[in-house]
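Me: I would like to go through a model feature by feature and learn how each one is read. Please give the general idea first and then the case at hand.

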Amino acid sequence: MTIKNKLRTGIGFLFVLSFICCGLSVYFLNRLSADAGAILKDNYKSLQYGQQILSAVDANGGPLSPAQLKTIETNLVLEEHNITEPGEGQTAASLRTVFEKIKLVNNDAAQLPALRAQARQLVYSFMQLNMTAISHKNDIAKGTANRATILVAFCGAFLFLVAFSFAVNFPGYIANPLKELTARIKEVSNRNYHQQIDFRSDDEFGELGHAFNTMTRKLDEFENSNLASILFEKKRIETIINSMHDAILGLDEKMIIIFANEVACSLIGMTADQLNGRYAPDVAIENDLLRNLLMNDQSRLKIFADNRESFYSRESLSVSSKDRVIGKVIILKNITEYQQLDEAKTNFIATISHELKTPISSIKMSLKLLEDVRIGDVNAEQRQLLENIEEDARRLLQITGELLDMAQVETGKLQLNFGKTHPRNIVDYAVKAIKSIADQKQVIIKVQCDENLPDVHADLDKTTWVLINLLSNAIKYSHEKSTVELVVKKRHTDEIEFSVQDHGKGIEEQYLSRLFERYFKVPNATADQTGTGLGLAIAKDFIEAQSGKIAVDSELGAGSRFAFTLKRVA
């Protein structure tokens with residue numbers, strides 16, 4: 001039977017009991033009403049008739065008046081038609097006989113008193129019969145009322161007990177299976193698939209229990225069937241990770257170490273058993289390397305390993321599932337060999353650049369002497385050759401200067417001479433140095449620099465070099481007879497911003513993120529616009545070394561805007 005039918009049966013049973021209780025109450029109320037009606041209708045009326053006859057008989061001591069006779073006649077007729085008790089009919093008949101005699105001897109003073117007494121006695125007789133009947137019927141009504149009270153009370157109590165039992169037990173009939181099902185589902189959510197429910201019923205709960213048991217068996221079969229393959233894949237991945245030459249450390253979303261390969265264990269100085277399953281910050285308290293890996297975002301680390309200082313690049317990868325981060329992997333790559341090669345390259349470039357500056361300077365001095373008329377006149381072709389040599393020597397000297405600056409940055413030997421200066425000084429030096437190049441292209445440099453700006457804390461030479469580089473690039477990429485805007489303004493309460501805006505063809509968005517990389521050149525640039533690709537990289541290093549920032553914003557067809565910030569003097 002289904003739960004719906006059981007509910008219908010239970011509620012129907014309560015309804016039947018309520019109907020029976022109400023029916024009994026109505027039945028006994030009707031019985032009481034009938035008994036009371038019989039008393040009022042039959043016996044009480046006979047008493048009234050008798051009282052009226054007695055009043056008429058005893059009205060006076062002489063002959064009965066016509067009114068008295070009429071009253072006696074009327075009530076006697078009514079009594080004859082209201083015979084309800086045994087013996088009442090004979091008494092009424094006897095009274096009729098006596099009354100007829102009274103009418104015959106009404107004027108006989110000798111016989112009338114005896115007949116009156118006889119009539120009075122007969123009236124008392126049938127009144128006594130009705131009084132006795134009233135008492136008897138009252139006892140019957142009381143018995144009926146008592147029986148009704150007992151039966152209705154019994155039915156009400158039984159109905160109350162059934163309803164109370166239904167109210168107490170039926171919610172449990174519904175709630176207990178649901179509670180047990182909830183507990184089993186929680187166990188299943190914890191991957192405990194050996195759960196079975198025993199609902200011994202043929203209703204929906206029985207079907208639900210059967211379906212749940214089938215589900216857990218299927219889940220258990222699926223788990224067991226895939227466990228071997230999962231363990232195999234796990235072992236294969238662990239083998240691959242351990243065979244890698246990079247140090248790999250895996251953490252879950254709660255910062256619990258879930259794996260560390262042999263290289264990582266060697267660098268950290270702990271075994272895999274000592275690391276796996278532990279809370280990483282707790283381990284980091286006692287391990288400096290792990291603390292640096294967790295707390296710092298440095299891309300390069302210097303680690304003492306294998307009895308020497310080694311260099312590693314740090315890479316952190318987030319592991320996501322359904323837009324939620326469930327862990328991360330930290331990878332340390334040994335770049336010691338590349339670092340050594342890079343240092344050798346830097347030293348080589350620095351040495352060559354330094355050695356080239358002397359002969360290049362000698363060439364420029366010789367060119368100055370050749371241009372002096374006191375040495376001798378030169379023809380037009382010779383002068384053109386001298387100008388070409390001078391231009392090449394200038395470009396070569398600029399390249400060697402940039403290479404030397406880059407070598408200083410890479411070796412960490414960049415020397416900065418900080419001081420306070422007004423932004424106007426930096427602007428004036430840069431504009432003056434670049435004026436000849438701007439005049440050749442008929443480019444107007446529009447300067448906007450408020451004299452009320454506060455001083456900045458900067459290296460005057462390095463900052464001027466950066467601004468010259470930005471102005472030079474802006475002029476290169478500007479059209480002839482155009483305008484380059486140089487604006488200096490307050491950016492924040494503690495920063496001053498220098499920006500250079502040109503109105504050239506602009507730079508494609510895909511190249512903006514790489515403009516400050518070393519040796520990067522924007523494709524499709526003309527021959528007179530290309531350089532070494534070091535200028536902006538050096539500018540970025542110079543500005544960041546002064547705790548500033550440099551950025552670019554460009555739009556094709558509208559030009560480019562380069563800007564950098566410097567800290568103001570407190």
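What follows is a dialogue on a predicted model, from the whole chain down to single residues.

Me: How many helices and strands does the chain have?

Reply: The chain has 15 helices and twelve strands. There are 570 residues, and 35% of them count as buried. The accessible surface comes to about 34,700 Å², with 57% of that area belonging to carbon and sulfur atoms.

Me: What share of the contacts joins residues at least 24 apart?

Reply: Take the contacts between residues at least 6 apart in sequence; 63% of them join residues at least 24 apart.

Me: How is empty space inside a model found, and how many cavities of 30 Å³ or more are there here?

Reply: Rolling a probe the size of a water molecule over the atoms shows where empty space is left. In this model, the search of the whole structure finds three cavities of 30 Å³ or more. The largest cavity holds about 50 Å³ of space.

Me: Which elements supply at least two residues each to the lining of the largest cavity?

Reply: Strand 1 (247-252), helix 6 (262-268), helix 9 (288-295) and strand 5 (324-334) do. The lining includes Ala 247, Ile 248 and Leu 249, along with Ala 264, Leu 267 and Ile 268. Leu 289, Leu 293, Ile 330 and Leu 332 also line this cavity.

Me: How many nonpolar, polar and charged residues are in that lining?

Reply: By class, ten residues of the lining are nonpolar, none is polar and none is charged.

Me: Next, aromatic pairs. How many does the search find?

Reply: The search of the whole structure finds three aromatic pairs. One of them joins Trp 465 and Phe 542, whose ring centres are 5.5 Å apart. Their planes meet at 70 degrees, so the pair is edge-to-face. Trp 465 sits in helix 13 (residues 460-476) and Phe 542 in helix 15 (residues 535-545), so that parts of the chain 77 residues apart are linked.

Me: Is each partner buried or partly exposed?

Reply: Trp 465 is partly exposed, because its relative accessible area is 24%. Phe 542 counts as buried, because its relative accessibility is 1%. The cut-off for buried is under 20% relative accessible area.

Me: What is the geometry of the pair formed by Phe 516 and Phe 562?

Reply: Phe 516 and Phe 562 are also edge-to-face, at 6.4 Å centre to centre with 80 degrees between the planes. Phe 516 lies in the loop between helix 14 (509-512) and helix 15, while Phe 562 is in strand 12 (residues 559-567), so the pair ties together parts 46 residues apart in sequence. Both Phe 516 and Phe 562 are buried.

Me: Why is helix 15 described as largely enclosed by the rest of the structure?

Reply: Eight of its eleven residues are buried, which is why helix 15 is described that way. Among the buried residues are Gly 535, Leu 536, Asp 541 and Phe 542. Just after helix 15, Ser 547 takes a positive phi of about 65 degrees.

Me: One last residue: where is Ile 256 found?

Reply: Ile 256 is in the loop between strand 1 and strand 2 (257-260). Ile 256 has a relative accessible area of 23%, so this residue is partly exposed. Leaving aside neighbours within four places in sequence, Ile 256 is in contact with Gly 250, Leu 251, Gly 277, Arg 278 and Tyr 279. The C-alpha atoms of Ile 256 and Gly 327 are separated by 9.0 Å, and the two residues are 71 residues apart along the chain.

Conventions. Residues numbered from 1 in each chain as written. Predicted model: local features only at pLDDT ≥ 70, side-chain atom pairs only at ≥ 80, totals over all residues. Heavy atoms only, no water. 1 Å grid on protein atoms, 1.4 Å probe; cavity = no way out; pocket = protein on both sides within 12 Å on 5 of 7 lines; lining within 4 Å. Points joined across faces, edges and corners; volume = space filled by probe spheres on them. Helix = DSSP H or I, 4+ residues; strand = E, 2+ residues; numbered from the N terminus. Nonpolar A, V, L, I, M, F, W, Y, C, P; charged D, E, K, R; others polar. Buried < 20%, exposed > 50% of the residue type's maximum accessible area, 1.4 Å probe, protein only. Contact = heavy atoms within 4.5 Å. Areas by Shrake-Rupley, 256 points an atom, 1.4 Å probe, with all protein chains shown as cover. Phe/Tyr/Trp six-rings, centres within 6.5 Å; stacked < 30°, edge-to-face > 60°.
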